[in-house]
Amino acid sequence: MSPVTEYRRERSPGVVTFQWTAEDNEGDRELIAAGTCPVCQCPMRRSFGPVQPLVSKGGFLGRRQDPGPEPWTTSCRCESYHQPRPANARGCGALLSLAPPPASLTGGS
Ligand SMILES: [Zn+2]
Ligand SMILES: [Zn+2]
């Protein structure tokens, strides 16, 4: 067991390259980024909702507003128990910039 990193809400510098996969979820395509958090070194996974730009109601809640070439951001979502952590938070608090998924995954179908 490695020592557990303290929870810290902080942007991690640089862009992290994660492994992207696409999963079809009842007709909607979900993009999954999986990799190792560079701050706490835990494996983590983050799924992004369908990349359709418009949602008829509810706006962009939980979705990426403007899919494009910019890095995608996520907070750390690892399963480890980093302290001192707010009750509703997950991961180690790191804010990560992810290299965007390959065009083959985001290209329309
Ligand atoms: Zn962690
Ligand atoms: Zn982390």
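# Reading strands, hairpins and cores in a predicted model

Tutor: Strand β5 pairs with β6 (residues 94-98) in the antiparallel sense, and four bridges hold this pairing. Please keep in mind from the outset that what we are reading is a predicted model.

Student: In which order do the strands of that sheet stand, and is the sheet open?

Tutor: The sheet is open and consists of three strands in the order β1-β6-β5, with mixed pairing. Strands β1 (10-16) and β5 (72-75) each have a single partner strand and stand at the edges, so one side of each is left without a neighbour in the sheet. Neighbouring strands here are turned against each other by 20° on average, with direction ignored. For a single residue pair across β5 and β6, take Trp-72, whose bridge partner in β6 is Leu-98.

Student: How many helices and strands does the protein chain have, and how do the elements run from the N terminus on?

Tutor: There are six strands and one helix in the protein chain, and from the N terminus on the elements run β-β-β-β-β-β-α. As for the contacts in the protein chain with a separation of 6 or more, 58% of them are between residues 24 or more positions apart.

Student: Which strands form the sheet with antiparallel pairing, and in what order?

Tutor: That open sheet has three strands in the order β2-β3-β4, paired antiparallel. Its edge strands are β2 (19-25) and β4, each of which pairs on one side only, and the twist from one strand to the next averages 25°. Between β2 and β3 there are seven bridges, and as examples Asp-24 has Arg-29 as its bridge partner in β3, while Trp-20 stands opposite Ala-33. Between β3 and β4, which also run antiparallel, there are six bridges, including the one in which Gly-35 is partnered by Met-44 of β4.

Student: How should I read the side chains along β4: which point to one face, and which to the other?

Tutor: The general idea is that in a regular strand the side chains alternate between the two faces of the sheet. In β4, Met-44, Arg-46 and Phe-48 point to one face and are buried, whereas Pro-43, Arg-45 and Ser-47 point to the other and are not buried.

Student: What does the model show around Ala-34, which is found in strand β3?

Tutor: Ala-34 has Arg-45 as its bridge partner in β4, and, not counting residues up to four places away in sequence, Ala-34 touches Phe-18, Gln-19 and Arg-45. Its C-alpha atom is separated by 8.1 Å from that of Thr-21, a residue 13 positions away along the chain. Ala-34 has 13 C-beta neighbours inside 10 Å and therefore counts as partly exposed, since a buried residue would need 20 or more and an exposed one 12 or fewer.

Student: Where are the residues with a positive phi in the two hairpins?

Tutor: Most residues other than glycine have a negative phi, and that is the background against which to read such cases. In the hairpin of β2 and β3, with two residues between the strands, Glu-26 takes a positive phi near 50°. In the hairpin of β3 and β4, with six residues between the strands, Gln-41 takes a positive phi near 65°. Gln-41 is found in the loop between β3 (28-36) and β4 (43-48), and it is partly exposed, with 13 other C-beta atoms within 10 Å.

Student: Is the peptide bond from Gln-83 to Pro-84 cis or trans?

Tutor: In general, most peptide bonds are trans. The bond from Gln-83 to Pro-84 is cis, with omega near -10°, and Pro-84 lies in the loop between β5 and β6.

Student: Which residues form the largest nonpolar core, and what is Tyr-7 in contact with?

Tutor: The largest nonpolar core has ten residues: Tyr-7, Cys-37, Val-39, Cys-40, Met-44, Cys-76, Cys-78, Cys-92, Ala-94 and Leu-96. Leaving aside neighbours within four places in sequence, Tyr-7 is in contact with His-82, Gln-83, Pro-84, Arg-85, Cys-92 and Gly-93. Another core, of six residues, lies apart from the largest one, and among its members are Phe-18, Trp-20, Leu-31 and Trp-72. For the protein chain as a whole, buried residues make up 21% of the 109 residues.

Conventions:
Residues numbered from 1 in each chain as written. Chains lettered and ligands numbered in written order. Predicted model: local features only at pLDDT ≥ 70, side-chain atom pairs only at ≥ 80, totals over all residues. Contact = placed C-beta atoms within 7 Å. Pairing = 2+ DSSP bridges. Axes fitted to C-alpha atoms, helices over the stretch in contact; angles between N-to-C directions. Core = buried A, V, L, I, M, F, W, Y, C linked by C-beta atoms within 7 Å.
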